[in-house]
Amino acid sequence: LVQIEGVTLPVVYALLENRTECSYVAVLRFIEQRCPSFDPKVFMVDFEGAEHNAVLKVRGSRKIQVCIV
């Protein structure tokens, strides 16, 4: 998420074939390769454990917020 003039917006959306940890890791690594300065302090993730695990695997300990819709 990024905040612009008091409005919070998502930075990345990804449409995936499945919801596996491997897929989420691939997306995060793709972003890192294309955008080396990408260093968010907080990750907003869905309720899925695979997504949470992927963030921890690729980015190490970061603040992770769960979005439940």
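The exercises below concern a predicted model and are each followed by a worked solution.

**Exercise 1.** Find how many aromatic pairs the structure holds, and decide whether the pair is stacked, tilted or edge-to-face.

Solution. The count of aromatic pairs is 1. The rings belong to Phe38 and Phe43, and their centres are 6.4 Å apart. That distance lies within the 6.5 Å limit for a pair. The angle between the planes of Phe38 and Phe43 is 85°. Angles over 60 degrees count as edge-to-face, so the Phe38 and Phe43 pair is edge-to-face.

**Exercise 2.** Classify Phe38 and Phe43 as buried or exposed, then locate them in the largest nonpolar core.

Solution. Buried means under 20% relative accessible area. Phe38 has 17%, so Phe38 is buried. Phe43 has 9%, so Phe43 is buried. The largest nonpolar core has 12 residues, including Phe38 and Phe43. Helix 1 (21–34), strand 3 (42–45) and helix 2 (49–59) each give two or more residues to this core.

**Exercise 3.** List the contacts of Ala50, leaving aside neighbours within four places in sequence.

Solution. Ala50 is one of the core residues. With those neighbours left aside, Ala50 is in contact with Arg19, Thr20, Glu21 and Tyr24. Tyr24 also belongs to the largest nonpolar core.

**Exercise 4.** State how many disulfides the structure holds, and classify Cys22 and Cys35 by accessibility.

Solution. The number of disulfides is 0. Cys22 has a relative accessible area of 61%; exposed means over 50%, so Cys22 is exposed. Cys35 has 36% and is partly exposed.

How values were computed: Residues numbered from 1 in each chain as written. Predicted model: local features only at pLDDT ≥ 70, side-chain atom pairs only at ≥ 80, totals over all residues. Heavy atoms only, no water. Phe/Tyr/Trp six-rings, centres within 6.5 Å; stacked < 30°, edge-to-face > 60°. Buried < 20%, exposed > 50% of the residue type's maximum accessible area, 1.4 Å probe, protein only. Core = buried A, V, L, I, M, F, W, Y, C linked by side-chain atoms within 4.5 Å. Helix = DSSP H or I, 4+ residues; strand = E, 2+ residues; numbered from the N terminus. Contact = heavy atoms within 4.5 Å. Disulfide = S-S within 2.5 Å.
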